[in-house]
Amino acid sequence: MKITKLTTYRLPPRWMFLKIETDEGVTGWGEPVIEGRARSVEAAVHELSEYVVGKDPARINDIWQVLYRGGFYRGGPILMSAIAGIDQALWDIKGKVLGAPVYQLLGGLVRDRIKAYSWVGGDRPAEVIAGIRKLMEIGFDTFKLNGCEEMGTIDTSRKVDAAVATVAEIRSAFGDSIEFGLDFHGRVAAPMAKVLIHELEPFRPLFIEEPVLAEQSEVYARLAAQTHIPLAAGERMFSRFDFKRVFADGGISIVQPDLSHAGGITECVKIAGMAEAYDVALAPHCPLGPLALASCLAVDFVSRNAVFQEQSMGIHYNQGAELFDYVRNKDDFRIDGGYFRPSDKPGLGVVIDEELVIERSRTAPDWRNPIWRLHDGAVAEW
Ligand SMILES: O=C(O)[C@H](O)[C@@H](O)[C@@H](O)[C@H](O)CO
Ligand SMILES: [Mg+2]
């Protein structure tokens, strides 16, 4: 079998799908994208396609190594997202050829289901109580919200109190009937992270995500030394080589590689294994679409240290399309009481409505994250 063609479709809300065709009619789908830089990843996919077209799709490991090591300059969000989507599509093809779900090809199920969690509250955590109530009605009991709005390197106690008040409101409304992670989203610098984490300790969030920016990862160990709250990070790390420093330095209790940013299934399964060796939990990042989610689930179902799975139903970014809009058989994603159960469909187990994808790709927006500014006009971390 030979790969014949790679086609990309940028789509609402801010996603991109990749279709890989072969000379025997088997096709595979992946989701290479960096939110806000879809066109850059699209160019990278087509640049890398020179190394893929004409090759045997079964040789996923060799194709991965050529795509990664074949460039003198490597790593980073754009190239590793391009490789991720190609890798996902190749695993989809392999599963379809062999008539097995990807998790079977990776050694079979290590669990019967994986807990899902949902976003609430949007960019500026508001209306979280109503959002949580609505999602609890359909079985969710685990959530994530932004932990704060923009925060200066040194900021006021009023800003800290505003962040704490939202969390206090959640705990007083729901007690311990729910769990929630707080995503600092890299908005908080090291000095304020110490203060904010200290003030949040009594409310026992399930985890605090990106307590500081990934480029400040050496701070994680210091923050972890001052708190009992598990720290999480990973959506802005793009390979084993980024994660190995975090494992060596310590401080992170939950790693969150993104299956569409960190080299795909081939790479993230290895990151999961590294994490297990350090007794670190795995919770793949996934604010994206159905192919990214299916790829996360493939890794969750073979990684004993996987603990919960992000998914984007109702996320504040999904303007113009929802998680399963492009999926023919929505029941292929088996959600049961706030858990995902494994699909027995081959490959990634997702049948894409290609006609709809082609039609909607004609009006793909160029989504951009907002540029925030502090009270004094300086750029704030969003
Ligand atoms: O944890 C999450 O889902 C993320 O932090 C998410 O909010 C961002 O990754 C966003 O997708 C960037 O545009
Ligand atoms: Mg995050």
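1. How many residues of domain 1 are in contact with residues of domain 2? In this predicted model, 35 residues on the domain 1 side meet 27 residues on the domain 2 side. The protein chain is split into domain 1, covering 3-100, and domain 2, covering 104-348. Taken over C-alpha atoms, the centres of domain 1 and domain 2 are 25 Å apart.

2. On the side of domain 1 that touches domain 2, the elements giving two or more residues are two strands, β2 (15-22) and β3 (27-30), and two helices, α2 (60-69) and α3 (77-98). Of these, α3 contributes the most, with 15 residues. Sorted by class, this side of domain 1 holds 19 nonpolar, 10 polar and six charged residues.

3. The strands β2 and β3 also deserve a point of their own. They run antiparallel and are joined by four bridges. One pairing to check is that of I20, whose bridge partner in β3 is G28. β2 and β3 form a hairpin with four residues between the strands, and in this hairpin G25 has a positive phi near 85 degrees.

4. Which residues surround ligand 1? The shell consists of E35, G36, D183, H185, E235, H285, P287, E310, Y317 and N369. By class, the residues around ligand 1 are four charged, four polar and two nonpolar. Glycine is counted among the polar residues here, which places G36 of the shell in that class. P287 and Y317 belong to the shell, and Pro and Tyr both count as nonpolar.

Methods: Residues numbered from 1 in each chain as written. Chains lettered and ligands numbered in written order. Predicted model: local features only at pLDDT ≥ 70, side-chain atom pairs only at ≥ 80, totals over all residues. Near = placed C-beta within 6 Å. Domains from an automatic or database assignment. Contact = placed C-beta atoms within 7 Å. Pairing = 2+ DSSP bridges.
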